[in-house]
Amino acid sequence: MLVQSLSVTGFRNISSLQTGFAPGVNIFYGNNGSGKTNLLESIFTLCLGRSQRGAADSILIQDGAEVYRLEGRVETARRALPVAVAYQKGWRKKITIDGVPSKATELYDQFCAVASGPEDSDILSGSPAVRRLFIDIYLSQLSRRYISDLTDYQKAIAQKNAALKKEMDPSPFDPLVVSHGSKIIAARHKFLGSLRPLTENHYREISRGEELQMEYKPKIAVESDTCEESEIKEAFELALEENKFKEQVLKTSVVGPHRDDVLFEVGGLAARSHGSQGQWRTAAVSLKLAVYELLKEKRSTAPILLLDEIFAELDTGRTERLMELFSQSDQIFLTTAIDPPQSLIDTARKFRIVGGAIEGID
């Protein structure tokens, strides 16, 4: 997969920008605050209709503007397609693929992308919501069914919470919560089970022997390692019954995949409380490498890679190993305030970003 061109209007600090990209490595130089990260975010949003950082569309609109618009041409194994994503305050987001109005799910069907940046350390050190967002963005690129179940579950939970807040009987919504929630838990269990050995192996290689462990922690206590839907449903229904009074007191749902988490340990200690910045960064990069490999295998096409200041907290040895692992990508977008390894510079197309504006470098 390749992004051939991009046009940006009113996105973050980018007023207007038009440029083309090359296969292989595209490097964007610029100082902090110049718009490098925003450019990567615009590419990700063009491909998947959402920010990799979880930002709402209203936040993505440039200050003082009413709308953002992204247009580009994206090449897949089948053909190159014109794509547009636009959002106006107070209106629904509009997406077109090959000139045809489309849904966000159709972007996930057509394209795939993996982004890694400094904010990824929050996957290790931040709240469970950050880890759930990571799962939702990348599992959605593997399963359209997951997107559908997640959307339906979120609607059911919202309706149940509304009933709890009004002190109404929430039980009519429980069958939907259990049905869609059980499918989500089963899908997450399978996804993280596939990611775990890849992530742990990459961490061991990049850190030269240090051990990372990751474990899915669903809110529903499922005894079996197989995590079958039937077992999850049974445990889900039991947990809802046990927490019925608690939910009525708190006036919110406390049972379900909206409370899931992932536990990371480094050297046998919880990474969130005992990990260093370097360990968080290395673990996050290892996780994204694993996602990249899994997407490439399952989608039969290489995702684009968006790497934001990837070298900032890694030593020379880890950087060189990382570049070896990333070298198989068809297209990489890389931002940096410093010179990356010379092997990348020699083959890359280079750009400079200043104040949200872009220019090519010979």
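The loop between α7 (174-206) and β9 (212-217) holds Arg208, a residue with a positive phi of about 60° although it is not a glycine. In this predicted model, Arg208 is exposed, with a relative accessible area of 64%. A second residue of this kind is Lys251, which is not a glycine and yet has a positive phi of about 60°. Lys251 sits in the loop between α9 (244-250) and β10. The relative accessible area of Lys251 is 31%, so this residue counts as partly exposed, the class between under 20% (buried) and over 50% (exposed).

With these two loops in mind, the whole fold can be considered. The protein contains 13 helices and 15 strands. Its C-alpha trace spans about 65 × 50 × 35 Å along the principal axes. For 362 residues, a compact globule would have a radius of gyration near 21 Å, and the value for the protein, 21 Å, agrees with this. Of the 362 residues, 52% count as buried.

Helix α5 offers a friendly exercise in checking geometry. This helix covers residues 128-139, and at 1.5 Å a residue its 12 residues should span 16 Å. The expected span counts one less than the number of residues, because it is a distance from one end residue to the other. The end C-alpha atoms of α5 are 16 Å apart, in agreement with the expectation. The buried residues of α5 include the charged residues Arg131, Arg132 and Asp136, and Phe134, Ile135, Ile137, Tyr138 and Leu139 are buried as well.

Charged side chains come next. Side chains of opposite charge can pair when their charged atoms come close. The count for this protein comes to 18 salt bridges. One of them joins Glu41 to Arg12, with N and O 2.8 Å apart. Glu41 belongs to helix α1 (residues 36-48), whereas Arg12 lies in the loop between β1 (2-11) and β2 (14-20), so the pair ties together parts that are 29 residues apart in sequence. Glu41 is buried, since its relative accessible area is 0%. Together, Arg12, Glu41 and Arg53 are linked in a network of salt bridges.

Helix α5 returns in another pair: Arg131 forms a salt bridge with Asp261, and their closest N and O atoms are 2.5 Å apart. Because Arg131 is in helix α5 and Asp261 in strand β10 (residues 261-266), this contact ties together parts that are 130 residues apart in sequence. Arg131 is buried, with a relative accessible area of 3%. A salt bridge also connects Glu229 and Arg145, whose closest N and O atoms are 3.1 Å apart. This pair links distant parts of the chain, as Glu229 lies in helix α8 (residues 229-242) and Arg145 in helix α6 (residues 144-165), 84 residues apart. Both partners are partly exposed: the relative accessible area is 25% for Glu229 and 49% for Arg145.

Finally, the surface can be searched for pockets. The largest pocket holds about 890 Å³ of space. It is lined by 25 residues, and nearest its centre lie Lys93, Ala104, Thr105, Ile147 and Thr151. The elements α3 (104-110), α5 and α6 each give two or more residues to this lining. Helix α6 provides the largest share, 8 residues. Sorted by class, the lining of the largest pocket has 8 nonpolar, 9 polar and 8 charged residues.

Methods. Residues numbered from 1 in each chain as written. Predicted model: local features only at pLDDT ≥ 70, side-chain atom pairs only at ≥ 80, totals over all residues. Heavy atoms only, no water. Helix = DSSP H or I, 4+ residues; strand = E, 2+ residues; numbered from the N terminus. Buried < 20%, exposed > 50% of the residue type's maximum accessible area, 1.4 Å probe, protein only. Salt bridge = Lys/Arg side-chain N within 4 Å of Asp/Glu carboxyl O. 1 Å grid on protein atoms, 1.4 Å probe; cavity = no way out; pocket = protein on both sides within 12 Å on 5 of 7 lines; lining within 4 Å. Points joined across faces, edges and corners; volume = space filled by probe spheres on them. Rg over C-alpha atoms; globule rule 2.2 N^0.38 Å.
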